[in-house]
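I opened this notebook to record what I looked up, going from the domains down to single strand pairings. The entries follow the order in which I checked things.

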Amino acid sequence: SDSRVTNFGAGPSALPESVLQEAAKGLLNFRGTGIGIAEISHRSKEFTAVLTEVESQIRTQLDVPQTHSILFTQGGGSAQFSAVVLNLLARHRLLHPDLSDDERVLDYVVTGSWSKKAAEEARRLGGGRVNVAVDARPYSKDARSFDNIPAHDTYSFSPDSALIYYCENETVDGVEFSNDASSPASFPFHLLPQNALLPLVGDYSSSFMSRPIPRLADHAVVYAGAQKNIGPAGLTILIVRKDCIVDVDAAAKLGATPVPITMSYKTLADGNSVYNTPSVLSIYISGLVLKHSQELGGVKYYEEVNKRKADKLYAAIKEGEAKGLFKAKVKEGSGSLMNVVFDVLGEGAEAKFVSGAEARGMKAIKGHRSVGGIRISLYNAVTEEQTDTLIAYMKEFLAQ
Ligand code: PMP
């Protein structure tokens, strides 16, 4: 078909249509250079200007303090599962050269499949001992699913750990930390030492730029793949506190694991994120998306709209629960604003629900293959109107 549909996919996901139209022009002729953006040198002054603009958009919209650098790299969220471990173990080695590997503790908060994967990678790399600060599964409805953000009294953080890791929004399982500090589902920042240059790492892959980041200044690293709220796949954005940009070679001389050159935060920082060829096209489109979001009011605007979209969708699921036709997968209060997951109950009902949505121009609503069910991703580019159309269809489905 020639017409676009509503894409509720979890990533790569919808981008604003006006941005895609502008990007199409840039593909042919980027900023009057006569060269397309996928063809131009990453060291040209025109592209250098784009990099600076993207950085400044992120810094302004998220209020990133001067204590932190904004870096661009590749390899997605998955490469950061490894990079955060290697860079922060190197930092820990420089701070405490004499500890044994077993005494270097990496704290992982495991609230879903992505944080679980990240912890597995840390175990695989070695050089430190993984402590699971909390695993959400025992606190779930069936004692084995990721369906909740655990209560604060269940976390046990280690003193002076090399890394404290969490995933802000679990894309597969649909659980997200609340950014309201008074909510029981908020991240328990208060359990961590104050003014301690914490080695706190947040995976924001699927919620970056959807709302402000609480306690950003307390983070060692915040990272996100671009392919949900910001742009095409291929770009990973890092916000790194400057004391975590360390000389990894000096750490290796003291016994730390050597860090591949392109994974070292120092390489990225010293090379202004162009040590090697970056994902030029993705950075360009991300810049257009960020400019578009700034015009709308930035993360404050999206925070409001995204909350309204999700609240309405959760209410529709509740309505379906009362009729015994839908079932929310996530415990109330822990539900993601970005990825809303539920089951459609009854023989053949899910397939019917999916095909009815597709017939109405709404696609990519099936849950991740590991968990099944329905997953509706409500990233920034999915409009409130599109969400309302989906909800109207859900109500129609319930009425039948
Ligand atoms: N973390 C989260 C929260 C994700 O959603 C994803 C991908 N969907 C990843 C990490 C892995 O990212 P990538 O595919 O870019 O490696």
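Before noting any distance between domains, I wrote down that the domain bounds come from an automatic or database domain assignment. I also noted that this is a predicted model.

**Entry 1, domains.** The assignment I used divides the protein into domain 1, residues 45-293, and domain 2, residues 298-399. For the separation I took the C-alpha centres of the two domains, which lie 28 Å apart. I then looked up the contact between them and found that domain 1 contributes 26 residues and domain 2 contributes 23 residues. On the side of domain 1 that touches domain 2, α2 (45-62) and β7 (175-176) each supply at least two residues. I sorted the residues of that side of domain 1 by character, which gave eight nonpolar, twelve polar and six charged.

**Entry 2, the seven-stranded sheet.** I traced an open sheet of seven strands with mixed pairing, in the order β2-β10-β9-β8-β5-β3-β4. Its edge strands, each pairing on one side only, are β2 (68-73) and β4 (129-135). From one strand to the next I read an average twist of 20°. At the β2 edge, six bridges join β2 to β10 (residues 236-241), and these two strands run antiparallel; as a reference pair I noted H68, which stands opposite R241 in β10. I also looked for a helix on this sheet and found α3 (residues 76-95) packing on it, where α3 touches β3 (105-110), β5, β8, β9 and β10 and makes about 160° with the direction of β9.

**Entry 3, strand β8.** Which way do the residues of β8 point, and are they buried or exposed? L200 and G202 point one way from the strand, V201 and D203 point the other way, and all are buried. This can be set beside the general expectation that side chains in a regular strand alternate between the two faces of the sheet. I next checked the neighbours of β8: β5 (residues 163-167) pairs with β8 in the parallel sense over four bridges, and C167 stands opposite D203 there. With β9 (residues 219-225), β8 again pairs in the parallel sense, over four bridges, and V201 has V221 as its bridge partner in β9.

**Entry 4, the three-stranded sheet.** I followed another open sheet, in the order β11-β12-β14, with antiparallel pairing. Here β11 (326-328) and β14 (374-377) are the edge strands, each pairing on one side only. Ignoring direction, neighbouring strands of this sheet are turned by 35° against each other on average. Three bridges join β11 to β12 (residues 339-344), and the two run antiparallel; within this pairing I noted F326 opposite V344 in β12. Helix α8 lies across β11, β12 and β14, and I recorded that α8 runs at about 125° to β11.

**Entry 5, α8 against α10.** How do the axes of α8 and α10 cross? The axes of α8 (residues 298-322) and α10 (residues 384-399) come within 10 Å and cross at roughly 5°. Angles under 35 degrees count as roughly parallel, and α8 and α10 are therefore roughly parallel to each other. From α8 the contact includes V305, R308, K309 and L313, and from α10 it includes T387, I391, M394 and L398. I classed the residues of this contact as six nonpolar, two polar and six charged.

Methods:
Residues are numbered from 1 along each chain as its sequence is written. This is a predicted model: local features need pLDDT of at least 70, side-chain atom pairs count only at pLDDT 80 or more; totals for chains, interfaces and linings use all residues. Axes are lines fitted to C-alpha atoms, for helices over the stretch in contact, and angles run from 0 to 180 degrees between N-to-C directions. Angles under 35 degrees count as roughly parallel, over 145 as roughly antiparallel, 65 to 115 as roughly perpendicular and the rest as oblique. Two residues are in contact if their C-beta atoms, placed from the backbone, lie within 7 Å. Ala, Val, Leu, Ile, Met, Phe, Trp, Tyr, Cys and Pro count as nonpolar, Asp, Glu, Lys and Arg as charged, and the others, Gly among them, as polar. A residue is buried if 20 or more other C-beta atoms lie within 10 Å of its own, exposed if 12 or fewer, and partly exposed in between; C-beta atoms are placed from the backbone. Two strands pair if DSSP finds at least two bridges between them.
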